[in-house]
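Consider how the enclosed and open spaces of a protein model relate to its charged side chains. The account below starts from the cavities and moves on to a pocket and the salt bridges.

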Amino acid sequence: MKRLLPLLLGTLIILIGSTITFGQSDLQIFGFFQTTLTKLNGGYSVVSEVPPSIFGTSQLTLDQQQNDYLSPSVQQLNIFARKEIDQNFTAWVNLEITGTYNSRLNWGGLTLQEAWVNYQSSDALNIKAGILVPRFAYLNEIKNKMPLLPYIFRPLAYESSVQNINDEDYVPQRAFLQVFGNLSSGNIIFDYAAFVGPSESSYISSNVVGGYSVDTTDFKLFGARVGLKYKDLGFGISGTSDKSNQKSTIKQSVPRTRLAFDLEYSAYNFFLNSEYIAIHLSPQNTTQNLDKLFYYGTLGYNFNDNLLAYGSYSYITVYDDLNGQIAKAGMKSLTFGLDYKPTSAVVLKASVSHFYGSSNVNLVLNPSLPAFNTDVDVNIRVAQLAVSVLF
């Protein structure tokens with residue numbers, strides 16, 4: 001990262017400088033940032049019921065965390081570079097900075113999110129190659145475009161700041177080739193996308209060839225989405241096939257498939273967005289059910305072009321490795337928010353969220369002892385203010 005940062009920043013400075021100084025390029029430099037003020041209270045606990053005669057207590061706390069803070073932060077800053085090379089080819093670069101980035105203090109992160117070139121033969125046929133976010137379900141392709149979204153805190157599978165949730169389990173993060181397009185007839189629009197990507201990031205090594213990232217596997221991600229839109233009603237089906245890295249737990253790369261359904265609708269100033277994603281894993285080294293599930297629904301109302309309100313509910317299956325075992329629990333979120341746009345380039349946001357869940361699992365704390373009933377509880381309340389600015 002320390003070697004990459006000067007290169008990325010230096011390249012950006014050269015691009016901006018060449019655009020301003022020479023004025024001979026149609027290169028476009030733009031971006032956005034979203035700053036937040038977050039009040040959070042709550043946490044989670046993992047407590048087992050155990051025999052007092054063995055442990056000296058009837059309840060044994062295996063894991064627990066409680067937080068209570070008020071924190072300002074630059075949640076996200078993205079800088080885009082776009083250039084139309086000719087009438088068929090377009091290049092795009094997306095640098096993303098998160099968490100009030102400071103390399104000296106190890107705050108946040110800097111990521112090259114996208115760097116691709118797109119060939120457009122027609123609306124029906126586009127070929128995109130490089131580093132790209134694949135088209136999957138409704139939100140994946142636009143999840144990091146915060147001014148376009150009403151959320152401060154996104155639905156659970158798309159919010160990378162949630163602890164114990166690996167967003168890569170639920171939606172594909174990267175592709176290196178995508179073929180996509182759309183066909184229209186009257187008010188009906190059919191769209192499609194098919195993509196190929198690297199294996200999940202846990203298989204990527206930077207210690208193989210001079211610090212460059214190398215995908216150390218032969219298996220890759222394959223996926224597709226098809227969608228149909230009629231006036232203000234849209235529906236899509238997505239699917240992927242790859243492998244989940246479970247070597248630290250069950251010593252296996254587990255075949256994984258994702259199947260997603262998405263729905264969008266708007267009428268009478270109301271809007272609805274929803275997704276349902278089922279993740280199926282086929283392990284050979286365990287009889288445990290490792291399948292996962294995520295879904296959300298957002299219902300909102302546009303009072304006018306500048307003001308909207310929404311409510312959003314989401315559910316996600318959460319796994320944790322406790323004492324070498326895989327424990328499954330479920331977490332829910334309920335969010336209410338209000339967005340106001342004083343100008344076309346500024347969005348003011350406010351929201352309150354409740355994250356909660358309670359599950360009971362059986363854990364073996366010691367091979368010589370039976371499994372104990374274990375309660376996993378999550379209870380977190382969050383209030384947030386934010387401003388998104390396009391520049």
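In this predicted model, the lining of the second largest cavity comprises four charged, four polar and one nonpolar residue. The residues concerned are Asn-94, Gln-113, Glu-114, Val-133, Asn-140, Glu-141, Lys-143, Asn-144 and Lys-145, and the volume that they line is about 40 Å³. The count of cavities of 30 Å³ or more comes to two.

The largest cavity holds about 50 Å³ of space, and its lining divides into five nonpolar residues, four polar ones and one that is charged. Tyr-151, Phe-153, Arg-154, Pro-155, Ser-312, Tyr-313, Ser-314, Ser-333, Thr-335 and Phe-355 make up this lining. Strands β15 (307–322) and β16 (325–343) each contribute at least two residues to it, with β15 giving the largest share, namely three residues.

Glu-141, which helps to line the second largest cavity, also leads to an open space. The second largest pocket has a volume of about 880 Å³, and among its 35 lining residues those closest to the centre are Lys-128, Arg-135, Glu-141, Ile-142 and Phe-180. By class, the lining of this pocket is made up of 14 charged, eleven nonpolar and ten polar residues.

Two of the residues closest to that pocket centre, Arg-135 and Glu-141, are also partners in a salt bridge, in which the closest N and O atoms lie 3.1 Å apart. Are these partners buried or exposed? Arg-135 counts as buried because its relative accessible area is 18%, under the 20% limit, whereas Glu-141, at 25%, is partly exposed.

The structure holds twelve salt bridges. Another of them joins Arg-258 to Asp-242, with 3.7 Å between the closest N and O atoms; this pair links distant parts of the chain, since Arg-258 belongs to strand β12 (residues 253–267) and Asp-242 to strand β11 (residues 233–245), 16 residues apart. Both Arg-258 and Asp-242 are buried, and through shared partners the salt bridges join Asp-169, Glu-200, Asp-242, Arg-256 and Arg-258 into one network.

A further salt bridge is formed by Asp-68 and Lys-39, whose closest N and O atoms are 2.6 Å apart. Here too distant parts of the chain are linked, with Asp-68 in strand β2 (residues 59–84) and Lys-39 in strand β1 (residues 28–49), 29 residues apart. Asp-68 is exposed, with a relative accessible area of 53%, while Lys-39, at 36% relative accessibility, counts as partly exposed.

How values were computed. Residues are numbered from 1 along each chain as its sequence is written. This is a predicted model: local features need pLDDT of at least 70, side-chain atom pairs count only at pLDDT 80 or more; totals for chains, interfaces and linings use all residues. Side-chain values use heavy atoms; hydrogens and water are left out. On a 1 Å grid over the protein atoms alone, a cavity is a set of points where a 1.4 Å probe fits but cannot get out, and a pocket is an open set with protein on both sides within 12 Å along at least five of seven lines; lining residues have an atom within 4 Å of a point. Grid points are joined across faces, edges and corners, and a volume is the space filled by probe spheres set on the points. Ala, Val, Leu, Ile, Met, Phe, Trp, Tyr, Cys and Pro count as nonpolar, Asp, Glu, Lys and Arg as charged, and the others, Gly among them, as polar. A salt bridge is a side-chain nitrogen of Lys or Arg within 4 Å of a carboxyl oxygen of Asp or Glu. Helices (H or I, at least four residues) and strands (E, at least two) are DSSP runs, numbered from the N terminus. Buried means under 20% relative accessible area, exposed over 50%, partly exposed in between (1.4 Å probe, protein chains only).
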